[in-house]
Amino acid sequence: MKILAEPQQRVVKLWGKQKVKAGETYRLMKYVLRVEHEGHTALHNVMTGQLILLNDDEVRLLDALPKAYSEDMEALIADHYLVPEGYDEHKQLVSLRTILRKLTPPIKNITHYTILPTTACNARCYYCFEQGSKIVTMTEQTAEDTVRFIAEHCGEAKKVSITWFGGEPTVAANRIDQICKGLQREGIEYTGMMYTNGYLFDEEMADRARDLWHVRSMQIVIDGTEELYNRIKNYVNPKDNPYQRVMRNIGLLLEREIRISVRMNVDRINHESFEGLAQALTDRYQSRNNLTMWAFPVIGDYSEGDPDKAHGEDAWLAERAGELNDLAVSFGLASKVKSLPSLQVWGCMADGNGTIVIGADGALVECCEHYEDVDEVGNLVEGLTNIDEIASWHEIVYEEMCECCTFAPQCVRLKKCLTYGRCYRQLDNQRYVRTVCEAISMYVEREVRNDEI
Ligand code: SF4
Ligand code: SF4
């Protein structure tokens with residue numbers, strides 16, 4: 001076998017090499033991905049992250065599984081590609097993740113902040129998860145408290161990253177200005193990313209985004225081509241053609257070297273316009289180094305029992321979004337490959353250490369999509385006070401549907417997550433397979449070059 005990607009050292013140290021049990025019958029471990037490409041066979045161990053290319057004898061051995069132990073299996077057993085028939089790899093996954101979480105020292109400082117300057121939005125998308133939430137815009141005092149809180153919690157390095165979220169954050173652009181000026185006054189270095197609909201930008205605000213807000217990347221939602229977009233977004237008092245305006249603004253931001261990721265929330269109604277939008281983006285922006293596009297299934301049921309409004313079955317949506325993401329690759333708007341999956345210890349901002357969400361009313365929460373009163377873990381004035389609520393965001397669930405999924409080590413499912421019970425990661429899985437294929441091709445090319453020398 002040839003090693004094409006090294007395993008994660010922290011997993012290897014903890015798990016060690018597997019000892020042979022002579023007399024056992026062996027099978028492939030469930031969390032091993034087998035990929036055939038250009039006449040080669042590769043195995044990717046999703047638990048350790050190691051990727052190997054097999055020789056012909058090893059491929060024959062693999063094809064004969066399950067198989068009684070023989071000496072030629074030893075290398076594959078040692079690195080946990082083969083396991084005894086009765087082995088419980090899911091139990092092992094739970095145990096490794098639990099230990100690694102316990103071994104991670106608590107982070108004293110908070111260096112990543114998600115800030116909601118407002119929960120108000122100038123668009124009224126029918127699928128918005130914030131519908132019915134209270135509308136609050138940050139006061140001048142809360143913005144000052146935000147600066148003080150960051151200064152007190154960011155640690156001696158005085159370096160933080162900020163995600164601007166909403167509502168639509170640019171609706172409260174003056175509060176973003178105030179917070180950024182406050183951080184400068186305190187000598188705190190900061191960089192930002194922003195979730196925005198992109199509508200309110202103009203030359204001047206695009207300058208501010210780069211020069212004052214230090215925003216390096218933005219995610220802009222465009223849910224279809226012109227006619228559909230203008231209908232779905234349903235902007236409050238639009239001044240002009242919202243679609244054309246957002247497209248213009250993307251250009252202004254790209255000119256300032258801000259990376260733009262266009263996201264389409266796809267459902268039954270708009271999925272067919274993805275290609276048209278990809279075409280419009282590629283026609284309009286010749287230099288696309290900083291521009292990407294991707295599809296994501298609409299979360300939740302907004303049909304109120306009306307089948308005409310239903311967004312589509314989960315399984316269909318996930319598959320469709322996968323196809324659309326492949327289409328984005330063919331337009332040069334998405335990367336063909338991803339980094340290889342391996343055991344993940346933490347889920348997201350909500351259970352990771354060193355991050356917090358600051359609501360428009362000064363409440364502190366763990367997840368930017370859960371900011372109602374019951375979710376609060378503290379506030380800007382008193383700090384982090386609700387230890388039980390913080391702990392509840394660290395609770396992981398292991399679902400039955402995931403136990404036999406090859407990618408289970410990569411997925412951390414938080415009990416309190418909005419997407420609990422649904423699988424979106426399958427969207428990525430085809431790209432993982434492609435990444436393995438790329439690694440094989442690169443290896444083969446290298447070998448051919450070496451032979452020529
Ligand atoms: S969430 Fe989806 S991809 Fe992740 S382990 Fe479960 S079934 Fe697999
Ligand atoms: S919605 Fe789920 S994945 Fe997203 S931040 Fe909240 S807990 Fe994490």
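Modeller: Before we talk about distances, one idea: domain bounds are taken from an automatic or database domain assignment. Keep in mind, too, that this is a predicted model.

Biologist: Thanks! Which domains does the assignment give for this protein?

Modeller: The assignment lists domain 1, made of 2–104 + 426–452, and domain 2, which spans 112–330.

Biologist: And how many Å separate the C-alpha centres of domain 1 and domain 2?

Modeller: Those C-alpha centres are 39 Å apart.

Biologist: Let's move on to sheets. How do I read the pairing of strands?

Modeller: Strands in a sheet are held together by backbone hydrogen bonds, and the pairing is either parallel or antiparallel. Here, one open sheet has 3 strands in the order E6-E2-E7, paired antiparallel. Strand E6 (67–68) and strand E7 (82–84) are its edge strands, since each pairs on one side only.

Biologist: How many bridges join E2 to E7?

Modeller: Strand E2 (residues 25–28) is joined to E7 by 3 bridges, and the two run antiparallel. Within that pair, Tyr26 sits opposite Pro84 of E7.

Biologist: What is the strand order in the open sheet of 10 strands?

Modeller: Read across that open sheet and you get E13-E12-E11-E10-E9-E8-E14-E15-E16-E17, with mixed pairing. At the edges are strand E13 (291–297) and strand E17 (383–384), each pairing on one side only. For a pair inside this order, take strand E15 (residues 363–365) and strand E16 (residues 378–379), antiparallel over 2 bridges. Asn379 in E16 is the bridge partner of Ala363.

Biologist: Now helices. Why do some residues of a helix point the same way?

Modeller: An α-helix has 3.6 residues a turn, so residues three or four places apart point the same way. Try helix H8 (residues 226–233): its buried residues include Tyr229, Ile232 and Lys233. Because they cover an arc of only 90 degrees around the axis, these residues lie on the same side of H8.

Biologist: What covers the buried residues of H8?

Modeller: The cover includes helix H9 (242–255). Just after H8 comes Asn234, with a positive phi near 50 degrees.

Biologist: Where else should I look for a positive phi?

Modeller: Try Glu38, which has a phi of about 50 degrees although it is not a glycine. Glu38 lies in the loop between strand E3 (32–37) and strand E4 (40–45). His214 is another non-glycine case, with a positive phi of about 55 degrees, and it is placed in the loop between helix H7 (203–211) and strand E11 (215–221).

Biologist: Is Glu38 buried or exposed, and why?

Modeller: Count the neighbours: 12 or fewer other C-beta atoms within 10 Å means exposed. Glu38 is exposed because it has 9 of them. His214 has 17, so it is partly exposed.

Biologist: Which residues are joined by cis peptide bonds?

Modeller: One such bond joins Leu65 and Pro66, with omega about -5 degrees. Pro66 belongs to the loop between helix H2 (56–63) and E6. A cis bond also links Gly166 and Gly167, with omega about 15 degrees, and Gly167 is in the loop between strand E9 (159–164) and helix H6 (173–185).

Biologist: Last stop, the ligand. Which residues surround ligand 2?

Modeller: Ligand 2 has around it Gly347, Cys348, Met349, Ala350, Cys367, Cys368, Glu369, Leu414, Cys417, Leu418 and Thr419. By class, this shell holds 8 nonpolar, 2 polar and 1 charged.

Conventions: Residues are numbered from 1 along each chain as its sequence is written. Chains are lettered from A and ligands numbered from 1 in the order in which they are written. This is a predicted model: local features need pLDDT of at least 70, side-chain atom pairs count only at pLDDT 80 or more; totals for chains, interfaces and linings use all residues. A residue is near a molecule or strand if its C-beta atom, placed from the backbone, lies within 6 Å of it. Ala, Val, Leu, Ile, Met, Phe, Trp, Tyr, Cys and Pro count as nonpolar, Asp, Glu, Lys and Arg as charged, and the others, Gly among them, as polar. A residue is buried if 20 or more other C-beta atoms lie within 10 Å of its own, exposed if 12 or fewer, and partly exposed in between; C-beta atoms are placed from the backbone. Helices (H or I, at least four residues) and strands (E, at least two) are DSSP runs, numbered from the N terminus. The arc is that of the directions from the helix axis to the C-beta atoms. Two residues are in contact if their C-beta atoms, placed from the backbone, lie within 7 Å. Two strands pair if DSSP finds at least two bridges between them.
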